[in-house]
Structure formats: C-alpha cells, structure tokens
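This report describes the fold of one protein chain, going from its overall dimensions to its sheets and then to selected residues. Please read it alongside the sequence and the structure shown here.

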Amino acid sequence: MKFYIVDVFAVEKYTGNQLAVFTDAGSLSDEQMQRIAKETNYSETTFIPSTEMIEGGYEVRIFTPEQELPFAGHPTLGTAYIIQQKLIKNQVEQVNLNLKVGQIPVTLHYVGDSVEWLWMQQKTPTFGQGFSPDKIAPILNLEVDEIDTRFPIEEVSTGVPFIIVPLKTLAAIKRIKVNKDKYFELIEKTQAKAILVFCPETYSPENNLNVRMFADYLGVPEDPATGSANGCLAGYLVEYSYFGEESINLRVEQGYEIGRPSLLLLKAQKSQQGIEVSVGGKVILVAKGEFV
C-alpha cells in the first residue's frame, strides 16, 4: 500500500502536525486501519478507500492511534493536498472530502505550480456544557486567577467537541501540566474529550493567539496543530466577541511547547445561518513509501 507523510499547518519542513495518508486503502478492514494508525502513531492517519468520486467528493477515513474520528482538521487539509497532488494531478480550486461528519470542502490557493495555502470550511459551531474555573484549573495544574474569567469555559463543536479554556498569559500556557487522573475524571461526564487552551500572548509577534491542545483520551497527550479544535476556537471567539468584533481573521500558533511550531489561519463571521468558520494552513510533503 502506498502512503505519504505530510506536515500540516507547517511553518517549514519538519514543523506542523505529521499525517500519514494511505491512497489505496479499499481492501482494508476497519480493524486493519486502526492497527495501521496505531503503528504510524501520529495523532491521525487517513485512508482513501477509493480513487473514484462519490457525490462529488472523495471518501476518507480518519483514525487516531485509539479510535476513528468523524472529523479532524489537519487530516482534512493534508489528505486534500495528497488527493490533488497524487490522484487528480491537475490544478483544481476545490477538493471535497466525504467524512463521517459530512462533506467538507477544501479550497486550494496556488503560487505558480505549487499549492501555497489550503482552506477548509467547517460545520457551523455548536455550544454545549460550561465549566467553572475552579473545576478546570486543577486539571491543568494552574491557579484559578490564571484563567480569563471574562469569557466562559465551554464545550464547542464543529464536528468534534473541545473544551475551550481562555487563559491570561503565555507564562500560564507554558506551565501547564495535565493532571491525568483529574482529566479522565472530568471527561467521564462530558461530550468533549479534549481540552484547548489559548491566550493573547505569543512567541512570534506577528501571531494573534497561542494555543495548546490536550487529548490523552484519543491517544494524543498533546497535539502540535489541531484544525478541528481551532475551528471551534474561531467560533468561540466570534460568539463571545473576544476581539470586540463579529468577524475574525487571525494567525494562531501552536506546538511551540513540544518542539513542532505550527501556524493556523482562522477566519470566522456571523451570518444568518450561524457562524461561518474556515481554517487554513500550509502542507508540505516530507516522505513517501509502501506498507508491506
């Protein structure tokens, strides 16, 4: 089976979030896909069961080392890139992925012959359970006053739910050490199984926010770049007018604390249909090979 490895939301090669993409996965069972995802041990691995389009899109399956997901951000962009580069082999403006959550369109922007940026439009965000700062702070090994209580701690989903936690400073972000016992105790009673924290202080001055994301339940202690979680964050920022506006156009950094600097571009705005969310980034091919 052919596979490709790409860095998604990359700043340069060997940054961003790694993804393995299998392009001829039609003969694999669900169990085999899960075992291969465990073998690659990236935060996600994707499988393309057929090179034929169905209802205008390509079927794609997404697996963490522990389970299948209905949607995830960096696998969506990375797989769309491989479909364009290795299956379509022509410049196209859009590639549609048929995921468990529904069809997700990805638009591609070129400079000459190269794909410079990819953007995915995510599902309209929904808002769920709220949490008190004194419930969340011990899970992150932080003090309650390090949480920005002007804004709620809340579950948000654009296909996969995340608990969004606003913090005041980069110093607090850096100090986080997840208490796994308290974390697993919390998610026994929540729809969301992952936590995204963010703050307005950044490593790079050209960026607007710093983000970290923790998901031990999914086999991902910390993710270097999380498109699905940042889509939820984009919806949250607009819903609660974090920047005092009903629309955003932001640069978000993630992964610095674990040595995989990443850059995600977020756009969101309110409309009559709800909040429209798009997440963009760069994809770089770093390896190809065969599983035997």
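## The six-stranded sheet

In this predicted model, one open sheet contains six strands, which follow one another in the order S6-S5-S3-S2-S1-S19 and pair in a mixed fashion. Its edges are formed by strand S6 (68-69) and strand S19 (283-290), and because each of these has a single partner strand, one side of each is left without a neighbour in the sheet.

Within this sheet, strand S2 (residues 17-22) and strand S3 (residues 44-47) run parallel and are joined by four bridges. One of the residue pairs between them consists of phenylalanine 22 and its bridge partner in S3, phenylalanine 47.

## Pairing around strand S16

Strands of a sheet pair through backbone hydrogen bonds, in either a parallel or an antiparallel sense. Strand S16 (residues 247-254) pairs in the parallel sense with strand S14 (residues 209-215), over three bridges, whereas its pairing with strand S17 (residues 262-271) is antiparallel and extends over eight bridges.

Individual residues place these pairings in the sequence: valine 211 stands opposite glutamine 254 of S16, and valine 252 stands opposite leucine 264, which belongs to S17.

## Overall dimensions and composition

The protein as a whole has six helices and 19 strands. Its radius of gyration is 18 Å, close to the 19 Å that the globule rule gives for 292 residues, and it is therefore as compact as a globular protein of that length. The C-alpha trace spans about 50 × 40 × 35 Å along its principal axes.

Of the 292 residues, 54% count as buried, and among the contacts with a separation of 6 or more, 63% are made by residues 24 or more positions apart. The exposed area comes to about 12600 Å², of which carbon and sulfur atoms supply 44%. The side chains include 26 positive and 37 negative ones, and the centres of the two sets lie 3 Å apart.

## Two buried isoleucines in helices

Isoleucine 139 has its place in helix H3 (residues 133-140), and its relative accessible area of 2% makes it a buried residue. When residues up to four places away in sequence are not counted, isoleucine 139 touches Lys177, Val178, Asn179, Lys182, Tyr183, Leu186 and Ile195. For leucine 186, which lies 47 residues apart from isoleucine 139 along the chain, the separation between the two C-alpha atoms is 8.6 Å.

Isoleucine 187 has its place in helix H5 (residues 180-187) and is likewise buried, with a relative accessible area of 2%. Leaving aside neighbours within four places in sequence, isoleucine 187 is in contact with Ala192, Lys193 and Tyr217. Tyrosine 217 is 30 residues apart from isoleucine 187 along the chain, and their C-alpha atoms are separated by 8.6 Å.

## Loop residues with positive phi

Most residues other than glycine have a negative phi. Tyrosine 14, in the loop between strand S1 (2-8) and S2, has instead a positive phi near 70°, and with a relative accessible area of 56% tyrosine 14 is exposed.

Lysine 89 also has a positive phi, near 65°, and is found in the loop between helix H2 (73-88) and strand S7 (94-99). At 60% relative accessibility, lysine 89 counts as exposed, because the cut-off for that class is over 50%.

Methods: Residues are numbered from 1 along each chain as its sequence is written. This is a predicted model: local features need pLDDT of at least 70, side-chain atom pairs count only at pLDDT 80 or more; totals for chains, interfaces and linings use all residues. Side-chain values use heavy atoms; hydrogens and water are left out. The radius of gyration is taken over C-alpha atoms; the globule rule is 2.2 Å times the number of residues to the power 0.38. Buried means under 20% relative accessible area, exposed over 50%, partly exposed in between (1.4 Å probe, protein chains only). Contact means heavy atoms within 4.5 Å. Accessible areas come from the Shrake-Rupley method with a 1.4 Å probe; for residues, only the protein chains shown count as cover. Lys and Arg count as positive and Asp and Glu as negative; His and the chain ends are not counted. The place of a charge is taken as NZ of Lys, CZ of Arg, CG of Asp or CD of Glu. Two strands pair if DSSP finds at least two bridges between them.
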